[in-house]
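Me: I am new to this structure and would like a close look at a single part. Please explain that part carefully, with enough of its surroundings for me to find my way.

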Amino acid sequence: MNLLNLLNLLNLLNLLKIILITLCAIAQFGFGFFNPALALDISNGAKIFTNNCASCHIGGGNILISGKSLRKEALSQYLEDYDTDSIQAISYQMTNGKNAMPAFKNKLSEQEILEVAAFVFQQAEQGW
Ligand code: HEC
């Protein structure tokens, strides 16, 4: 192997290294950045749900207005923008409340609201 070939090989290895580092960086930060649900602690959301929401929404239902449950079809039907921005739509309802549902903006932090929203979204996708 002459020197030129060796240099070419080293260049190629360097290029591969750069590609690999870039891919790792995207995997670590990119997905979390683009998908807020991944960066949120869903298990904490589940606990907050049990303490604050389950009294009315046990099992993803609704003890006051049974049709307005937390099932995917109901969320899609009654929450504005649910189909385009699900977590945001759930967070909005929790923050501001609606009719007989109380607002949680003075009770839960923004982060906690997002964590519960991520939990509700996950459960709705899984069919509770
Ligand atoms: C006092 C009972 C009560 C509590 C507690 C409560 N909700 Fe609700 N929730 C309701 C009622 C009633 C509605 C229907 C409101 C309407 O549209 O008139 C509702 C609707 C919703 C909806 C929209 C679903 C749909 O089909 O319209 C979401 C999402 C939701 N609640 C999430 C939560 C979360 C998350 C919590 C806990 C932080 C919570 N709720 C706590 C009573 C409650």
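Reply: A helix here is a DSSP run of H or I with at least four residues, and the helices are numbered from the N terminus. By that numbering, K72 is found in helix 5, but the part I would look at closely is helix 3, which spans residues 42-52. Please keep in mind throughout that this is a predicted model.

To set the scene, the secondary structure of the chain consists of seven helices and zero strands, and buried residues make up 22% of its 128 residues.

Within helix 3, the residues G45, I48 and F49 are buried. They lie on the same side of the helix, because they cover an arc of only 105° around its axis. The face turned away from that buried side carries S43, T50 and N51, which are exposed.

As for what the buried residues of helix 3 meet, they pack against helix 4 and helix 7. The packing of two helices is described by the angle between their axes and the distance between the axes. For helix 3 and helix 7 the angle is about 95°, and the axes are 7 Å apart; this makes helix 3 roughly perpendicular to helix 7, because angles of 65 to 115 degrees count as such. On the helix 3 side the contact is formed by I42, N44, G45, A46, I48 and F49, which meet E112, E115, V116, A118, F119, V120 and Q122 in helix 7. Sorted by type, the residues of this contact comprise eight nonpolar, three polar and two charged.

Q122, one of the helix 7 residues in that contact, also leads back to K72, for the two are 50 residues apart in sequence and 9.8 Å apart in space, C-alpha to C-alpha. K72 itself touches A124 and E125, if residues up to four places away in sequence are left out of the count. K72 is partly exposed because 18 other C-beta atoms lie within 10 Å, whereas a buried residue needs 20 or more.

The partners of helix 3 also have a place around the ligand, where C53, C56, Y78, N99 and M101 come nearest among the 26 residues of the shell. Helix 4 (54-57) and helix 7 (110-126) are among the elements that give two or more residues to this shell, as are helix 5 (72-78) and helix 6 (86-96). The residues of the shell divide into 17 nonpolar, seven polar and two charged.

Note on methods. Residues numbered from 1 in each chain as written. Predicted model: local features only at pLDDT ≥ 70, side-chain atom pairs only at ≥ 80, totals over all residues. Near = placed C-beta within 6 Å. Nonpolar A, V, L, I, M, F, W, Y, C, P; charged D, E, K, R; others polar. Buried ≥ 20, exposed ≤ 12 C-beta atoms within 10 Å, placed from the backbone. Arc of directions from axis to C-beta. Axes fitted to C-alpha atoms, helices over the stretch in contact; angles between N-to-C directions. Parallel < 35°, antiparallel > 145°, perpendicular 65-115°, else oblique.
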